[in-house]
Amino acid sequence: MNESEQLAPAVRSILETARERGGGGERVSVDPRSLTDAFAAAEADGRIPVVAEVKPTSPTTEGTRRADPVRLAEAMVDGGAAALSVLTEPEHFGGSPETLRRVRAAVDVPVLRKDFLLREAQLDTVEADVVLLIARFLGDDLEPMLEAARERGFQVLVEVHTVEELERALDAGADVVGVNNRDLAKLEVDLETFERVAPHAPDDVTLLAESGVSSPADARRMREAGADALLVGSAIMAGAEPEPRSDGRASDERSEPRADEDDTDAYETVRENTRELVNA
Ligand SMILES: O=C(O)c1ccccc1NCC(=O)[C@H](O)[C@H](O)COP(=O)(O)O
């Protein structure tokens, strides 16, 4: 990454904590559930392939959602999600490797580990079917990280935001690419990003539109622009209402996620949100 480029303060903070975070212990070896097979199965079933994201909070979310991640994940799969994305970043997104472990044990669809991985050792924290590598943050380390991930059995989603990053991702050997509509420099979301970048991707690349898909019309728009699949967090989580927080960050002292009866409506809403997008 070009260190001189302007990143939003929240993203600089994400990167600082990611640099400090250690790796796992033993080298991970995964027998992954196929992401492309899951997308093909959704298509065959008349559903838009959607990767639904369990996203407790984020720098652009007010408060932290305390609903049980496993019940959220089950509701998303019930609603037709082809795959899931689970945040494992703790400080800014309220995620954890343990959450991913629990979710992956509870569902049979592929699960993406959503984090800001910067070093090979960080791949060994937890098993997942897919890991995210962000071209912008990895620079020349993208290709070795991609190889290291594949050696462990992971499928790799390489995230890009520009045509230049797409070209770097392809040169590094990426075959599943996500175009992030969220500009990590400003945190602004613009669906035109996908429309601008997608035409430069070869047909044999599996292309995801990430971030900012907030309605069935957005879903159709991204599909018309060439998205093989959509990665959606906020719009699906919309019913799992966050509890307000005062400091703009996920609380370090928050209680365990709740799985009580009062949240039943939240899970039903999450199921319906997912259903609405997969049937857009
Ligand atoms: O979502 C954020 O606020 C955010 C801020 C800074 C860096 C990354 C961020 N999001 C990570 C993601 O990749 C999204 O959670 C994912 O693409 C889903 O986006 P959305 O559907 O807009 O919630």
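This passage describes the strand barrel, helix packing, ligand surroundings and backbone geometry of a predicted model.

The fold contains a closed barrel of eight strands, ordered E1-E2-E3-E4-E5-E6-E9-E10 and paired in parallel. From one strand to the next, the twist averages 25°. Within this barrel, strand E9 (residues 206–210) and strand E10 (residues 229–232) run parallel and are joined by three bridges. Leu208 has Ala229 of E10 as its bridge partner.

Two other barrel strands are covered by a helix. Helix H7 (residues 142–151) lies across strand E4 (130–134) and strand E5 (155–160). The direction of H7 makes an angle of about 155° with that of E5.

A helix pair is formed by H3 (residues 69–78) and H12 (residues 264–278), whose axes come within 7 Å of each other and cross at roughly 35°. The crossing of H3 past H12 is right-handed. On the H3 side, the contact involves Arg71, Leu72, Ala75, Met76 and Asp78. H12 contributes Thr264, Tyr267, Val270, Arg271, Thr274 and Arg275. Sorted by class, the residues of this contact comprise five nonpolar, two polar and four charged.

The ligand is surrounded by 18 residues, of which Glu53, Thr60, Lys114, Ser211 and Ser234 are the closest. Polar side-chain atoms approach oxygen atoms of the ligand in several places. For Thr60, the distance from a polar side-chain atom to a ligand oxygen atom is 2.4 Å. In the case of Ser211, an N or O atom of the side chain is 2.6 Å from an oxygen atom of the ligand. Ser58 also places a polar side-chain atom 2.8 Å from a ligand oxygen atom.

Ser211 is notable for its backbone as well. Its phi is near 75°, a positive value in a residue other than glycine. Ser211 is located in the loop between E9 and helix H10 (216–224). The loop that follows E9 thus holds a residue with positive phi, and that residue, Ser211, is among the closest to the ligand.

A positive phi also occurs at Leu187, where the value is about 65° although the residue is not a glycine. Leu187 sits in the loop that links strand E7 (182–183) to strand E8 (188–189).

Notes. Residues are numbered from 1 along each chain as its sequence is written. This is a predicted model: local features need pLDDT of at least 70, side-chain atom pairs count only at pLDDT 80 or more; totals for chains, interfaces and linings use all residues. Side-chain values use heavy atoms; hydrogens and water are left out. Axes are lines fitted to C-alpha atoms, for helices over the stretch in contact, and angles run from 0 to 180 degrees between N-to-C directions. Helices (H or I, at least four residues) and strands (E, at least two) are DSSP runs, numbered from the N terminus. A crossing is left-handed if the near helix is turned anticlockwise from the far one by less than a right angle, and right-handed if clockwise. Contact means heavy atoms within 4.5 Å. Ala, Val, Leu, Ile, Met, Phe, Trp, Tyr, Cys and Pro count as nonpolar, Asp, Glu, Lys and Arg as charged, and the others, Gly among them, as polar. Two strands pair if DSSP finds at least two bridges between them. A residue is near a molecule or strand if one of its heavy atoms lies within 4 Å of it. A polar contact is a pair of N or O atoms within 3.5 Å; within protein, one must be able to donate a hydrogen and the other to accept it, and residues adjacent in sequence count only if both atoms are side-chain atoms.
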